[in-house]
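Trainee: Before I rely on the labels attached to a model, I would like to see how each one is earned. Could we go through a few of them together?

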Amino acid sequence: MHSEAAIRQPLILGHKTYHDITNDIVGPIENKASRGWYILFTIAAIVAAYGTGCILYLISKGIGAWGLNKTVDWAWDITNFVWWVGIGHAGTLISAVLLLFRQKWRMAINRSAEAMTIFAVIMAATFPGIHMGRIWMSYWVLPLPNQFGSLWVNFNSPLLWDVFAISTYFSVSLVFWYIGLIPDFATIRDKVTSPGMKKVYSILSFGWTGNAKAWTRFEEVSLVLAGIATPLVFSVHSVVSFDFATSVIPGWHTTIFPPYFVSGAVFSGFAMVQTLLLIMRKVMHLEAYITRKHVEYMNIVIIVTGSIVGVAYITELFISWYSGVEYESYAFINRATGPYWWAYWAMMTCNVVSPQVFWFKKLRTHLGFTFFMSIIVNIGMWFERFVIIVTSLHRDYLPSSWNMFHPTWVDVGVFLGTLGIFSTLYLLFARFFPVLALNEVKSILKGSGESYKNDAAKHHHH
Amino acid sequence: MSNTVIYAVYEDPEQLKDGARKLVSNGIKVKDVYSPFPVHGLDPIIGIKRTRLAIVAFMFGIFGMSLALLGIWYFNIFDWPMNIGGKPSQAFYKNLPAFIPVTFEFTVLCAAHGMAITYLIRNKTLPGMPARNPDPRSTDDKFIIEVRTADNHGHSVEAIGGLLRSTSVFEINERHY
């Protein structure tokens with residue numbers, strides 16, 4: 001067993017036993033859902049249904065139902081896509097990168113962060129799908145033999161790289177998540193009394209036994225998956241940024257994009273994890289596991305990645321002047337002072353200025369304030385993508401084609417709808433799945449649990 | 001001759017490791033250990049070898065990489081070279097930088113899924129498989145050592161039980177086959 005320095009703050013509060021951890025996590029699954037859950041679920045399901053309706057309307061009408069025009073031919077669709085993919089970065093980062101760094105605090109949050117990742121990537125994948133217009137042709141992105149003289153997909157194109165990156169990321173994250181879930185489903189299977197639930201969870205647990213060799217393999221698989229998922233996380237948002245960076249549009253054509261997008265993705269992903277976990281710890285009484293210290297650690301990640309994003313914005317601005325390319329400089333001057341100045345400054349305020357308040361320990365350990373900030377960051381990151389996409393497009397080389405983008409109700413409805421579908425999926429997860437990696441949390445109980453640590457400290461002094 | 005299986009139930013992974021150590025040092029073979037989470041340092045005590053799953057992942061990765069490169073060469077260079085935006089797909093080595101992202105993703109895809117499927121098969125964990133843990137508490141808060149008399153002909157059930165009772169065991173259960 002790893003012994004931990006006594007001055008490190010405990011990660012599990014109170015006097016918990018292994019059995020308490022099982023009860024705390026499996027209890028809410030066994031018992032009836034609270035009224036709060038039903039209310040939230042109803043709201044989410046209504047929004048999801050409305051959004052689904054908007055998507056069906058869009059598919060039946062064509063993407064002319066969006067507010068796109070000849071000049072701004074990419075707007076909310078790709079903004080939402082990049083926003084959701086970005087949010088989907090925190091889960092695998094927490095479970096893979098923090099696993100490689102042996103960060104024990106990841107264990108209380110990795111399960112729900114991974115769930116968030118998977119649902120966010122599903123939402124992200126919706127947008128390229130529906131913006132194709134003819135979604136029933138979407139299988140054309142695959143290299144399949146066909147009747148057009150066998151016209152293959154173009155492997156030189158970043159849009160195709162995206163297809164491979166997003167689908168690999170989604171399926172690998174899903175497998176990573178499920179492999180971690182199997183032992184916890186087995187715990188539920190062995191605990192629940194209702195025969196129906198026992199049946200369901202024994203199918204979900206794949207007959208997990210928990211013998212020594214299985215655990216050895218489990219740890220090896222987790223480690224290797226973490227090792228290959230880490231470069232995968234970085235590659236996915238780099239590839240997303242290539243969609244822009246490899247084009248010749250001023251404002252997009254910049255080499256800084258891959259690292260800038262990746263840090264922005266981690267930034268927004270952690271913000272969304274904070275939004276969801278701060279609600280969940282309260283509603284599901286997980287205060288002993290998701291502690292103030294966990295929130296502080298995540299806020300530290302937010303301040304680091306937020307600062308990287310800030311440096312990237314300023315570097316980009318500087319280079320646009322230093323390059324001497326007038327189109328490039330104009331694109332950035334227009335961003336800050338043109339008709340979309342409000343979007344630019346919303347982005348700057350939310351992403352660069354506001355996270356700096358987390359330098360104050362009082363603020364980064366304050367739960368209510370953290371929740372407020374997490375929303376601010378999510379808004380800021382949406383604006384970042386909007387600014388990059390729309391402000392770079394709306395002033396073309398020819399002033400006669402200059403145009404503004406006005407979203408229609410379908411744009412808004414589809415975006416709201418993805419928020420609804422995402423929340424519905426997340427609420428279902430919180431209701432029926434173990435929201436903490438409970439068996440992993442048990443493994444750190446005696447090293448990082450409050451009562452065990454304090455006993456050890458007392459023992460030491462005698 | 002009847003075959004007896006002895007289950008020594010512990011409440012703590014460290015106590016379980018001490019128990020296993022004691023059994024092994026007395027020449028008793030431990031059949032298996034069931035625990036709610038991985039017990040670090042147990043494998044060398046009860047003689048479990050390191051898994052080769054990482055090698056499996058590597059081989060699946062190499063397979064994925066080769067398949068991706070071969071496929072891309074066939075699609076874009078050999079079968080139907082396209083000239084898009086004045087950037088022709090002339091030769092594999094000239095276009096290789098543009099082929100790296102998909103090759104990387106496909107390598108990861110094959111390595112991850114190949115390893116995951118191998119893992120599930122090797123653990124006999126697949127949808128519909130029955131659970132084989134001897135006690136439902138072993139996925140909750142108990143750590144169980146399994147010893148079979150069939151593996152330990154020189155030792156009687158009583159002797160093994162006596163040895164276990166000298167460790168900080170929580171309870172001892174026997175099952176006859």
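The exchange below takes up several labels in turn.

Mentor: Keep in mind throughout that this is a predicted model.

Trainee: What makes A:Phe206 count as buried?

Mentor: A residue is called buried if 20 or more other C-beta atoms lie within 10 Å of its own, and A:Phe206 has 23 such neighbours, so the label applies. The residue sits in the loop between helix H7 (195–204) and helix H8 (212–245) of chain A, and its phi is near 55°, a positive value in a residue other than glycine.

Trainee: Why is A:His285 called exposed?

Mentor: The limit for exposed is 12 or fewer neighbours, and A:His285 has 12 C-beta neighbours inside 10 Å, therefore it counts as exposed. A:His285 also has a positive phi of about 55° although it is not a glycine, and its place is in the loop between helix H9 (257–283) and helix H10 (292–322) of chain A.

Trainee: Why is a positive phi worth pointing out?

Mentor: Because most residues other than glycine have a negative phi.

Trainee: How do you know that strand S1 (residues 4–10) of chain B pairs with S5(B)?

Mentor: Pairing requires at least two bridges, and these strands have six, in the antiparallel sense, so they are counted as a pair. One of the partnerships is that of B:Tyr7 with B:Glu146 in S5(B).

Trainee: What makes strand S2 (residues 32–34) of chain B a partner of S5(B)?

Mentor: The reasoning is the one just used, because three bridges join S2(B) to S5(B) against a requirement of at least two. These strands run antiparallel, and B:Val33 stands opposite B:Ile145 in S5(B). As for S5(B) itself, which spans residues 143–148, five of its six residues are buried.

Trainee: How is the packing of helix H12 (residues 341–353) and helix H14 (residues 367–394) of chain A described?

Mentor: Their axes lie 8 Å apart at an angle of about 145°, and the crossing is left-handed. Among the residues of H12(A) that meet H14(A) are A:Ala343, A:Met347 and A:Cys350, while H14(A) contributes residues including A:Ile376, A:Phe383 and A:Val387. By class, this contact has twelve nonpolar, three polar and one charged residues.

Trainee: Which residues make up the contact between the two chains, counted by chain?

Mentor: The contact takes 60 residues from chain B and 55 residues from chain A. On the side of chain B, H4(B) gives the most, with 18 residues, and that side divides into 36 nonpolar, 13 polar and eleven charged residues.

Terms used: Residues numbered from 1 in each chain as written. Chains lettered and ligands numbered in written order. Predicted model: local features only at pLDDT ≥ 70, side-chain atom pairs only at ≥ 80, totals over all residues. Helix = DSSP H or I, 4+ residues; strand = E, 2+ residues; numbered from the N terminus. Axes fitted to C-alpha atoms, helices over the stretch in contact; angles between N-to-C directions. Left-handed = near helix turned anticlockwise from the far one by under 90°. Contact = placed C-beta atoms within 7 Å. Nonpolar A, V, L, I, M, F, W, Y, C, P; charged D, E, K, R; others polar.
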